[in-house]
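Subject: Predicted model for your review

Dear colleague,

Please find below the sequence and structure that I am handing over to you. I would be grateful if you would read the notes beneath with the model open.

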Amino acid sequence: MKQPRVSTFFCTFADDMIKYIQLLRPLQWLKNVFVFAPIFFSNNLLKAEYFWPTLIIFIAFCLISSSIYCFNDLKDIEADRQHPKKRKRPIASGALGVSRITSLSAEYDCLQSQWQSY
């Protein structure tokens, strides 16, 4: 029996989103939690005037690092295809197109600059 088109669309969309999330490497964002260390150790973590600006810095760092990962994957695409582990990454495997990633990385740079202007 043939699957409905809507189901196929959502499966494809979900697969693409998983690939984009893998590309952005959110597990690496854990390192950015250290921006909260100063307000944590000074007992100011729960004070809004310290927490919200620090949260914005955290988000900006996450956007910057993801953008750099995208650019690095684009730059090293041929070497990554030869590497036993890196060849499974979304760009090196061909799961995501280079033009889509270039625009995504540029959008992240724009978002990051907007966050920094805050």
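The notes below describe confidence, overall architecture, nonpolar cores, the surface and two backbone details.

This is a predicted model, in which local features need pLDDT of at least 70 and side-chain atom pairs count only at pLDDT 80 or more, while totals for chains, interfaces and linings use all residues. Residues are numbered from 1 along each chain as its sequence is written, and side-chain values use heavy atoms, with hydrogens and water left out.

Confidence is expressed as pLDDT (the predictor's confidence in each residue, from 0 to 100). The protein averages 82, and 81% of its residues score at least 70. Among the elements, helix α2 (residues 37-41) has the highest mean pLDDT, 97, and helix α5 (residues 98-117) the lowest, 68. Where pLDDT is low, the predicted coordinates should not be read in detail.

The protein has five helices and zero strands; these elements are DSSP runs (helices H or I, at least four residues; strands E, at least two), numbered from the N terminus. Of the 118 residues, 29% count as buried (under 20% relative accessible area; exposed is over 50%, partly exposed in between; 1.4 Å probe, protein chains only).

The largest nonpolar core (buried Ala, Val, Leu, Ile, Met, Phe, Trp, Tyr and Cys residues joined through side-chain atoms within 4.5 Å) has nine residues: Tyr 20, Leu 23, Leu 24, Cys 70, Leu 74, Ile 77, Ile 91, Leu 96 and Ile 101. Helices α1 (5-24) and α3 (48-75) each supply at least two residues of this core, and α1 gives the most, with three. Apart from it lies another core, of five residues, including Val 35, Phe 36, Phe 58 and Cys 62.

On the surface, Phe 13, Met 17 and Ile 21 form a nonpolar patch with about 280 Å² of accessible area together (Shrake-Rupley method, 1.4 Å probe; for residues, only the protein chains shown count as cover). Such patches join nonpolar side chains (Val, Leu, Ile, Met, Phe, Trp, Tyr) within 5 Å, from residues with over 30% relative accessible area and no salt bridge (a side-chain nitrogen of Lys or Arg within 4 Å of a carboxyl oxygen of Asp or Glu). Ile 21 lies in helix α1 and is partly exposed, at 46%.

Two residues other than glycine have positive phi values: Arg 25, near 50°, and Asn 43, near 60°. Arg 25 is in the loop between α1 and α2 and counts as buried, at 16% relative accessibility. Asn 43 is in the loop between α2 and α3 and is exposed, with a relative accessible area of 65%.

Yours sincerely

Definitions and conventions: Patches are made of residues with over 30% relative accessible area and no salt bridge: like charges are joined within 9 Å, nonpolar side chains (Val, Leu, Ile, Met, Phe, Trp, Tyr) within 5 Å.
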